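Please look over the sequence and the model shown below before reading on. The report that follows takes up the ligand shell, the domains, the strands and two helices in turn.

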Amino acid sequence: MDLSLSPQDLAFRDEVRDFLDHNLSEDLREAGRKTGGVFADIAAGVRWHKVLAKRGWSAPSWPKEHGGTGWSATERYIFARECTMADAPRIFSMGLRMVGPVIMRYGTPEQKAKYLPSIVAGDSVFCQGYSEPGSGSDLASLRTRAVRDGDDYVIDGTKIWTTGAHVADRMFCLVRTSTEGKPQDGISFVLIDSMTTPGLTVKPILTLAGDHEVNQVFFDNVRTPVANRIGPENAGWSVAKYLLEFERGGDAYTPNLHARLEDIRRIAREEAADGSGRLIEERSFAERLAEAEMDIQALEMIEMQVLSDLSKGRNPGAVSSSMKIRGSETLQKIDHLGVEALGWYAAPFEPEARLIGHNEPTVTPEAGLTAMPLYLNNRASTIYAGSNEIQRNIIAKAMLGL
Ligand SMILES: Cc1cc2nc3c(=O)[nH]c(=O)nc-3n(C[C@H](O)[C@H](O)[C@H](O)COP(=O)(O)OP(=O)(O)OC[C@H]3O[C@@H](n4cnc5c(N)ncnc54)[C@H](O)[C@@H]3O)c2cc1C
């Protein structure tokens with residue numbers, strides 16, 4: 001595959017750089033640099049989303065008719081790479097990456113008109129209500145019930161590990177609408193229009209690194225209109241699976257991985273090795289840096305293929321599972337190298353120093369503030385979006401026919 005940039009691509013890259021120079025404020029860059037988990041400070045991500053929306057650039061993978069950019073795969077890749085290099089905060093993208101494509105495919109014209117523009121504008125922040133205690137990998141066993149009452153569903157049960165439920169204003173949710181037949185056949189996909197709907201409670205779960213990203217959500221007679229169901233009743237399983245392909249494969253992993261590896265190289269050039277000289281000159285460390293670089297380049301090839309499929313209107317399919325496996329494993333490898341490169345400087349626990357605007361002296365250099373939180377929080381990357389073991393099962397079945 002030829003990844004060299006054409007003169008048009010280079011002009012596009014310069015246009016993006018110019019935009020970032022003038023519109024990505026220093027506090028948003030600081031939020032990007034201080035990302036210690038999956039997302040940057042979510043509120044900062046929403047602010048950046050709105051800046052991009054004003055320029056018409058908030059939905060790189062969406063078709064133009066729904067407010068997207070209509071960019072080619074290469075343009076999307078360039079955009080993601082430039083944003084990462086400029087330290088833009090990662091956008092909390094469950095609307096753009098997950099429920100948006102689902103509404104485009106399965107939504108009614110009314111649902112498209114109601115939700116898609118507000119997702120593009122950054123006015124609607126969705127969270128994902130799939131997993132439940134006891135129903136993660138075996139998602140079809142989910143028990144949160146929705147019973148019809150007039151024009152509403154009345155929902156009872158609980159969802160867990162709900163990322164960003166404490167900052168979201170809407171939720172997409174899998175609920176059980178029938179107990180007849182196979183478990184997959186009794187599930188519906190519904191939207192909840194407000195996280196302050198009576199009966200809905202959000203309780204925080206702190207991660208290993210001490211951050212608040214995930215939650216447990218409780219439903220006690222929560223009402224949502226039947227009109228908020230996406231797709232037919234009891235056909236939510238197909239909708240849910242379609243969404244998961246985008247969750248696993250709809251984003252470019254490698255710009256972030258390249259940037260992280262470059263940071264580690266910089267640290268290794270400055271840090272002393274155990275014996276003498278600099279860490280970058282130590283053979284075993286240099287070899288592992290080279291290995292990580294090769295992993296990223298290999299992933300980049302799969303990624304370009306998926307982005308190219310998406311820009312032609314095709315959904316990613318099972319290749320998104322291999323992307324998810326390679327992306328998460330490479331990420332963890334890089335996290336490990338990052339902690340190792342910093343040595344003791346990765347150890348101090350200074351969560352307040354990751355707040356935007358913090359200007360007190362810190363024990364560690366800036367890279368040290370995020371190395372350990374990233375290492376700890378990204379342990380989850382081989383679990384969320386469907387664990388890597390489950391992705392291997394999907395590849396075995398869908399790609400290898402086993
Ligand atoms: C940080 C984080 C954020 C998350 N965010 C969200 C969110 O926003 N919304 C949401 O709905 N969910 C979210 N999740 C939940 C996530 O999707 C589940 O944790 C995941 O699907 C695994 O389910 P489980 O935790 O119940 O583990 P289990 O399903 O109990 O799995 C335990 C272990 O057994 C293995 N295993 C299970 N079944 C098989 C099998 N058939 N073959 C081989 N191995 C198997 C798994 O790979 C895993 O190692 C999040 C999770 C984390 C950690």
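## The ligand shell and its surroundings

In this predicted model, the ligand is surrounded by 18 residues, of which Tyr 130, Gly 136, Ser 137, Trp 161 and Ser 387 are the closest. Two elements, strand E1 and helix H12 (388-399), each give two or more residues to this shell, and H12 gives the most, with 3 residues. By character, the shell around the ligand is made up of 7 nonpolar, 10 polar and 1 charged residues.

Where does the ligand lie with respect to domain 2 and domain 3? Because domain 2 (126-235) and domain 3 (251-399) both give residues to the shell, the ligand lies between them.

## Domains

The protein chain is divided into domain 1 (7-93), domain 2 (126-235) and domain 3 (251-399). The centres of domain 2 and domain 3, taken over C-alpha atoms, are separated by 31 Å, and 6 residues of domain 2 are in contact with 7 residues of domain 3. On the side of domain 2 that touches domain 3, the residues divide into 2 nonpolar, 3 polar and 1 charged.

## Strands

Strand E4 (residues 170-176) is mostly covered, with 7 of its 7 residues buried. Both of its faces are covered, since the buried residues include Arg 170, Phe 172, Leu 174 and Arg 176 on one side and Met 171, Cys 173 and Val 175 on the other. E4 pairs with strand E1 (residues 126-129) in the parallel sense, and here Gly 129 stands opposite Cys 173. E4 also pairs with strand E5 (residues 187-192), in this case antiparallel, and Ile 192 of E5 is the bridge partner of Met 171.

The pairing of strand E6 (residues 200-206) with strand E7 (residues 212-225) is likewise described as antiparallel, and Val 214 in E7 is the bridge partner of Ile 205. The hairpin of E6 and E7 has 5 residues between the strands, and in it Gly 210 takes a positive phi near 85 degrees. The three pairings are set out below.

| Strands | Sense | Bridges |
|---|---|---|
| E1 and E4 | parallel | 4 bridges |
| E4 and E5 | antiparallel | 6 bridges |
| E6 and E7 | antiparallel | 7 bridges |

## Two helices

Is Thr 330 buried or exposed? This residue lies in helix H10 (residues 319-342), and Thr 330 has 23 other C-beta atoms within 10 Å, so it counts as buried, the cut-off for that class being 20 or more. Leaving aside neighbours within four places in sequence, Thr 330 is in contact with Leu 257, Ala 292, Asp 295, Ile 296 and Leu 299. Of these, Asp 295 is 35 residues apart from Thr 330 along the chain, while the C-alpha atoms of the two are separated by 6.7 Å.

Helix H4 (residues 73-85) allows a check of length: at 1.5 Å a residue, its 13 residues should span 18 Å, and because its end C-alpha atoms are 18 Å apart, the model agrees with that expectation. Within H4, the buried residues are Arg 76, Tyr 77, Ile 78, Phe 79, Ala 80, Glu 82 and Cys 83. Just after H4, Asp 87 takes a positive phi of about 70 degrees.

Conventions: Residues numbered from 1 in each chain as written. Predicted model: local features only at pLDDT ≥ 70, side-chain atom pairs only at ≥ 80, totals over all residues. Buried ≥ 20, exposed ≤ 12 C-beta atoms within 10 Å, placed from the backbone. Pairing = 2+ DSSP bridges. Near = placed C-beta within 6 Å. Nonpolar A, V, L, I, M, F, W, Y, C, P; charged D, E, K, R; others polar. Domains from an automatic or database assignment. Contact = placed C-beta atoms within 7 Å. Expected span 1.5 Å × (residues − 1).
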